[in-house]
Structure formats: C-alpha cells, structure tokens
Amino acid sequence: MNFATKAIHAGIEPDPTTGAIMTPIYQTSTYVQESPGKHKGYEYARTQNPTRTVLQNNLAALENGKHGICYASGLGATDAILKLFRPGDEIIASNDLYGGTYRIMVRVYQEFGLKFSFVNLADPAALEAAITPATKMVWIETPTNPLLRLVDITAIAALTRARGIRLVVDNTFASPYLQNPLDLGADIVVHSVTKYLGGHSDTVMGAIILNDDDTAQQLAFIQNACGAVPGPQDCFLVLRGIKTLHVRMQRHCENAQRVAEYLQQHPKVSRVHYPGLPDHPGHELAKRQMRGFGGMLSFELAGDRMDEAVHVMESFGVFSLGESLGGVESLCTHPASMTHASIPKEEREKNGLKDTLIRLSVGIEDVDDLIQDLAQAIG
Ligand SMILES: *Cc1c(COP(=O)(O)O)cnc(C)c1O
C-alpha cells in the first residue's frame with residue numbers, strides 16, 4: 001500500500017459487531033471474562049484497549065515498522081525509551097534538542113545515573129569522537145528546532161550500527177509523510193503525536209515505532225507497568241487526524257515554501273531558515289532524506305532588537321502566538337523569550353539563535369492570507 005492509502009486504511013477494519021467504518025471509542029476500563037483468565041484478549045484498559053491497538057498498528061504501518069506503542073505524551077514516549085537503560089549507560093544527543101527532551105534527560109535521568117553528552121550531530125566526526133565503550137544510544141532530531149538544521153540519518157546509522165549502539169530519531173518535525181527513519185537505518189522512531197500526526201491541536205500523545213521484537217516487548221511492558229497510556233478518545237481523535245495527514249502535509253509544505261520565498265526577499269528580514277530554500281545548508285540532504293521540506297521555518301529580522309520581533313508577533317492577525325506546532329492553524333513562537341529563555345543570551349547566540357528569530361508553524365490556511373498577514377505585521 002502507498003502512503004495515502006495506509007493513512008486511511010492500515011490496521012483499520014470495520015467494527016465486527018456493527019460494520020461501523022470508524023473505529024469505535026472503547027470507553028471502558030475493564031473487560032468481562034467468561035471464567036478467570038478466559039477472555040477475548042482484553043483484560044484491563046491500561047494493558048490493552050481496542051481503539052489504541054488500531055492506532056498503534058496504523059502508526060507502525062506509516063513508519064514502515066513492525067510495532068507501534070502509544071504513550072500519554074511525546075515525553076511519555078521518551079521516558080519509556082530512557083527506562084531501557086541502566087546507571088552508567090551513556091547516551092549521546094544532539095546539542096539543539098527539543099527543550100523537554102533535554103530536560104527529562106538532564107533533570108530526571110541524569111539524577112538516576114544515566115550519562116548524557118550533547119554534541120553537534122550535523123558533524124558525524126564529532127559523534128565518532130564522543131562515542132565511548134559505555135555509549136548505548138544516540139538520539140537525534142531532524143530537522144531541528146528552531147533552526148531547521150538537517151542531520152544525516154544514514155551517515156549516523158552507519159556509525160551506530162557498526163558499534164551496536166541504538167539510534168533513535170525524533171521524527172516529529174517531518175512526520176512519517178516526509179521521512180521514515182527506520183528505512184534509513186534508525187532503530188527506534190519517536191513522535192510527539194500532539195503535532196502533525198494529530199494535526200488539529202486537540203490532543204497530547206506520543207508514540208514509538210520500531211522493528212525489534214525484544215525491544216518492543218520491553219517498551220510494551222513499560223507502557224503497562226508505568227502506565228502512561230493515552231485514553232481511547234484521544235486515540236480516536238488521532239486516528240481521525242491521520243486520515244488527512246498526507247493532504248495536510250502537502251499543503252503545509254506548499255504554504256511554507258511560499259512563505260519562505262516571500263520572507264527571503266523582504267528587506268526587513270535578514271535570514272530565513274527553511275530546508276526548501278536552495279541556499280539552506282541542509283537543502284541537498286533534505287532532498288535525499290525527505291520527500292518534502294515540511295511546514296516549519298524560522299526567520300530573523302534585520303537588526304538586533306528583540307522588541308521588534310515581539311512587536312511583529314503582537315501584530316499578527318492570522319498567525320497566533322503559541323507553543324506547539326503541526327496543527328492546521330498557523331502559529332508563531334519567539335524562541336529567545338519562550339522555549340529557549342532559560343539558556344543565557346551569549347550561549348543562545350553561540351548556537352545561532354538570535355533575539356530577532358521568529359519560528360513559524362505554517363498552517364493550511366490560504367497562503368495569500370498568510371503572506372498578507374506577514375506583510376502587515378513586519379511592515
Ligand atoms: C512537542 C515535542 C516533543 C514533546 O511532545 P509532547 O507531546 O509535548 O510531550 C518532543 N519532540 C519534539 C520535536 C516536539 O516538538
């Protein structure tokens with residue numbers, strides 16, 4: 001099956017009791033047994049829920065993986081992966097990681113004895129230098145937030161595979177429509193389902209997709225034993241959202257490309273970070289690794305005044321100011337004062353994050369309205 005057909009059909013059968021074409025919301029905590037231990041495969045809803053099972057199978061198909069496992073949030077999924085490791089194990093992650101991922105690693109699991117190092121994974125040589133005999137996992141995001149840097153999954157997988165190190169890719173920004181890390185050599189894919197997969201800014205959820213049976217069994221054990229499961233209503237909403245994932249992503253990509261090109265020629269904009277622009281340093285890699293350039297971009301206003309960036313965001317009429325991304329509606333954030341405010345200004349600028357940087361999650365509204373909104377807000 002091709003992607004669009006999988007989005008609508010993979011893992012989904014009409015309900016056997018009624019023929020309902022939409023997967024029912026099994027809003028139940030327990031299942032009646034005929035006699036102790038004699039049941040239809042469902043005992044208790046933390047352990048299994050039919051709505052969740054259908055979603056998990058659908059997600060596995062979208063990532064060309066064997067197993068899908070859902071959690072109550074993206075960070076719930078990350079938490080489950082980190083529980084695979086033991087004190088003394090070393091994990092290498094990229095140095096421009098999603099803030100919440102950095103926080104759970106350093107503030108929670110470092111306290112329990114896991115060791116983390118953060119390196120520039122756009123440079124495979126830097127990764128090679130950071131690997132030690134205790135290295136058990138490499139964690140990457142691509143494209144990264146908020147500068148849309150590209151990391152070469154195939155090149156990093158070649159390094160990790162040869163050493164028996166697990167490679168995890170957070171595929172939230174690309175979505176499975178644009179990129180399938182398992183096909184490129186990654187061992188585990190993690191998603192904040194909250195973003196493009198859900199797609200309508202109405203659910204918080206996470207997922208892990210992988211091929212290895214033993215690891216999948218461990219992660220399913222953690223899902224049940226630790227209990228961060230999504231509810232059936234949320235699973236239904238995500239199943240519904242995924243049915244239009246391919247159509248939404250096409251429009252996100254088209255709109256973001258137009259917005260990036262508009263911003264690039266704007267005299268008050270000094271720089272645009274979007275992998276779809278030919279002068280983006282990751283453009284060629286994005287063409288090899290992704291099937292489109294995505295709906296996320298960021299841009300810098302000329303000059304150095306944070307108040308001007310704030311003024312632009314306050315002036316928007318169609319773009320809303322808010323955390324998160326990947327919904328049908330356009331959003332903007334100001335990384336320097338929001339997601340990355342805890343990093344000192346000097347450190348931020350060293351990593352290329354300027355005070356005038358605005359990040360956009362380009363939605364699927366009419367692109368002319370989006371461009372008009374940018375024009376009036378930037379002035
Ligand atoms: C939002 C996000 C997460 C965390 O997911 P939640 O669903 O908010 O817990 C992880 N990685 C990336 C890239 C994200 O954007």
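1. With which side chain does the side chain of histidine 273 make a polar contact? The partner is the side chain of glutamate 300, at 2.9 Å. The model discussed in this note is predicted. Histidine 273 belongs to strand 8, which covers residues 269-273. Its relative accessible area is 6%, and because the limit for a buried residue is under 20%, histidine 273 is classed as buried. Beyond four places in sequence, histidine 273 touches Leu147, Leu148, His280, Leu297, Ser298, Glu300 and Leu357.

2. The sheet that contains strand 8 deserves a description of its own. Five strands make up this open sheet, in the order 8-9-12-11-10, and their pairing is mixed. Strand 8 and strand 10 (320-321) are the edge strands, each pairing on one side only. Strands of a sheet pair through backbone hydrogen bonds, in either a parallel or an antiparallel manner. Strand 8 and strand 9 run antiparallel and are joined by four bridges. Across this pair, arginine 271 stands opposite glutamate 300 of strand 9. Glutamate 300 is also the residue whose side chain is in polar contact with the side chain of histidine 273.

3. Just ahead of strand 9 comes glycine 295, in the loop between helix 11 (283-289) and strand 9 (296-301). Is glycine 295 buried or exposed? Its relative accessible area is 0%, so glycine 295 is buried. The residues touching glycine 295, apart from those up to four places away in sequence, are Tyr196, His252, Ala256, Leu360, Ser361 and Val362. Proline 275 is 20 residues from glycine 295 along the chain, and their C-alpha atoms are separated by 10 Å.

4. Leucine 331 is placed in strand 11, residues 331-333. With a relative accessibility of 13%, leucine 331 counts as buried. Its contacts outside the four-place sequence window are Phe319, Ser320, Gly322, Glu323, Ser324, Leu325, Arg359, Leu360 and Ser361. For arginine 359, the sequence separation from leucine 331 is 28 residues, while the C-alpha to C-alpha distance is 8.3 Å. Leu325, one of the contacts of leucine 331, is also among the residues around the ligand.

5. Which residues surround the ligand? They are Ser73, Gly74, Leu75, Tyr98, Asp170, Thr172, Ser192, Thr194, Lys195, Met205 and Leu325. By class, this shell comprises four nonpolar, five polar and two charged residues. A polar side-chain atom of aspartate 170 lies 2.7 Å from a nitrogen atom of the ligand. Serine 192 places a polar side-chain atom 2.8 Å from a ligand oxygen atom. For glycine 74, a backbone N or O atom is 2.9 Å from an oxygen atom of the ligand. Taken alone, the ligand exposes 380 Å², of which the protein buries 91%.

6. Two helices may be considered next. In helix 4, residues 99-109, the buried residues include Gly100, Thr101, Ile104, Met105, Val106 and Tyr109. Their cover includes helix 3 (74-82), strand 2 (90-94), strand 3 (115-119) and strand 4 (135-141). Histidine 246 lies in helix 10, residues 245-264. At a relative accessible area of 11%, histidine 246 is buried. Leaving aside neighbours within four places in sequence, histidine 246 is in contact with Phe3, Ala4, Ala7, Ile8 and Tyr177.

7. The loop between strand 4 and helix 6 (153-163) merits a check of its backbone geometry. Where are the cis peptide bonds? One runs from threonine 142 to proline 143, with omega near -5°. Another joins asparagine 145 and proline 146, with omega about 0°. Proline 143 is found in this loop, and proline 146 lies there as well.

8. Leucine 148 is also placed in the loop between strand 4 and helix 6. Its phi is near 55°, a positive value in a residue other than glycine. Leucine 148 is buried, with a relative accessible area of 1%, and is one of the residues that histidine 273 touches. Asparagine 64 likewise has a positive phi, near 55°, and is not glycine. Asparagine 64 sits in the loop between helix 2 (50-62) and strand 1 (67-71). At 34% relative accessibility, asparagine 64 counts as partly exposed.

Conventions: Residues are numbered from 1 along each chain as its sequence is written. This is a predicted model: local features need pLDDT of at least 70, side-chain atom pairs count only at pLDDT 80 or more; totals for chains, interfaces and linings use all residues. Side-chain values use heavy atoms; hydrogens and water are left out. A residue is near a molecule or strand if one of its heavy atoms lies within 4 Å of it. A polar contact is a pair of N or O atoms within 3.5 Å; within protein, one must be able to donate a hydrogen and the other to accept it, and residues adjacent in sequence count only if both atoms are side-chain atoms. Accessible areas come from the Shrake-Rupley method with a 1.4 Å probe; for residues, only the protein chains shown count as cover. Ala, Val, Leu, Ile, Met, Phe, Trp, Tyr, Cys and Pro count as nonpolar, Asp, Glu, Lys and Arg as charged, and the others, Gly among them, as polar. Helices (H or I, at least four residues) and strands (E, at least two) are DSSP runs, numbered from the N terminus. Buried means under 20% relative accessible area, exposed over 50%, partly exposed in between (1.4 Å probe, protein chains only). Contact means heavy atoms within 4.5 Å. Two strands pair if DSSP finds at least two bridges between them.
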